[in-house]
Amino acid sequence: MRKRPFVIGIAGGTASGKTTLARALAQALGARVALLPMDHYYRDLSHLPFPERTRMNYDHPEAFDLELYLAHLEALLRGEGVEMPNYDFKAYTRAPGTVRVGPAPVVILEGILVLWPEELRRRMDLKVYVDADADERFIRRLKRDVKERGRSLEEVVEQYLTRVKPMHLAFVEPSKRHADVILPGGGENPVALAMLKAKALGELAEGAA
């Protein structure tokens with residue numbers, strides 16, 4: 001019998017489809033899932049002037065408050081709820097208030113670097129890496145950041161070339177070797193979604209037996 005939640009880690013490059021996959025899986029499993037996106041755990045930079053915040057490297061492991069992320073994961077593993085931070089991508093810092101995430105038998109960790117820290121990996125039962133072509137990822141990111149985050153084309157290109165791409169090659173791509181499963185297509189891959197859902201449901205059934 002399973003004594004703690006089943007933990008799924010879903011990583012991948014920027015705009016690879018990992019968030020779409022995580023949300024689709026969470027929707028498919030309903031109330032049985034606690035979803036913890038790593039993007040909510042960027043360090044609080046509200047003490048810095050806005051121009052300085054725009055120049056920070058948000059794709060390096062140090063950009064994330066790993067201590068808080070781990071603490072919240074441990075709380076969920078103990079069956080406790082957590083207050084997840086809000087993050088404002090337009091302001092490049094945390095927003096006021098928190099989001100309540102209740103305990104659940106399945107915990108999904110999602111983000112570009114969830115497979116990088118060993119402390120996170122050893123708490124995962126299933127490690128997934130969502131793979132996508134670099135050109136396709138860049139186009140998706142460009143459209144998203146201009147439409148949803150108020151960035152200019154020049155800002156997106158500069159950030160991608162100077163920070164996003166180098167950090168992907170240094171940290172995100174190498175973390176693929178830790179994955180149990182490598183999936184192409186992300187949330188647009190119905191076979192991958194069905195496979196993950198079946199695995200999670202199987203673990204839930206085993207835990208209830």
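Asp145 is buried, with a relative accessibility of 0%. Keep in mind that you're looking at a predicted model. So who does this hidden acidic side chain pair up with? One partner is Arg151: the two side chains meet in a salt bridge, 3.9 Å from N to O. That distance makes the cut because a salt bridge needs the nitrogen and the carboxyl oxygen within 4 Å of each other. Arg151 is tucked away as well, since its relative accessibility of 9% counts as buried.

**Other charged pairs**

Searching the whole structure turns up 17 salt bridges. Three of them, including the one you just met, are set out here.

| Salt bridge | N to O distance |
|---|---|
| Arg122 and Glu118 | 2.5 Å |
| Arg163 and Glu158 | 3.5 Å |
| Arg151 and Asp145 | 3.9 Å |

How do the partners sit, buried or exposed? Take Arg122: at 53% relative accessibility, this residue is exposed, because the label applies to anything over 50%. Glu118, on the other end of that bridge, is partly exposed at 38%. In the next row, Arg163 is buried, with 12% relative accessibility, while Glu158 is partly exposed at 38%.

Some salt bridges also link up through shared partners. Which residues end up in one network that way? They are Arg141, Arg144, Asp145, Arg149 and Arg151. Notice that the buried pair from the start, Asp145 and Arg151, belongs to this group.

**A tyrosine in a loop**

Now hop over to Tyr41. Where does Tyr41 lie? You'll find this residue in the loop between β2 (33-37) and α2 (50-54). Being in a loop doesn't put Tyr41 on show here: its relative accessible area is 0%, so it counts as buried.

What is Tyr41 in contact with, leaving aside its neighbours within four places in sequence? Quite a list: Leu36, Ala63, Phe64, Asp65, Leu68, Tyr69, His72, Met84, Pro85 and Arg94. With His72 there's something extra to look for, as a polar contact of 2.7 Å joins the side chains of Tyr41 and His72.

One last pair to try in the viewer is Tyr41 and Tyr87. They are 46 residues apart along the chain, yet their C-alpha atoms are separated by 7.6 Å.

**Looking back**

To recap, Asp145 and Arg151 form a salt bridge, and both join a network with Arg141, Arg144 and Arg149. Tyr41 is buried too, and its side chain has a polar contact with that of His72.

Definitions and conventions: Residues numbered from 1 in each chain as written. Predicted model: local features only at pLDDT ≥ 70, side-chain atom pairs only at ≥ 80, totals over all residues. Heavy atoms only, no water. Buried < 20%, exposed > 50% of the residue type's maximum accessible area, 1.4 Å probe, protein only. Helix = DSSP H or I, 4+ residues; strand = E, 2+ residues; numbered from the N terminus. Contact = heavy atoms within 4.5 Å. Polar contact = N/O pair within 3.5 Å; in protein donor to acceptor, adjacent residues only side chain to side chain.
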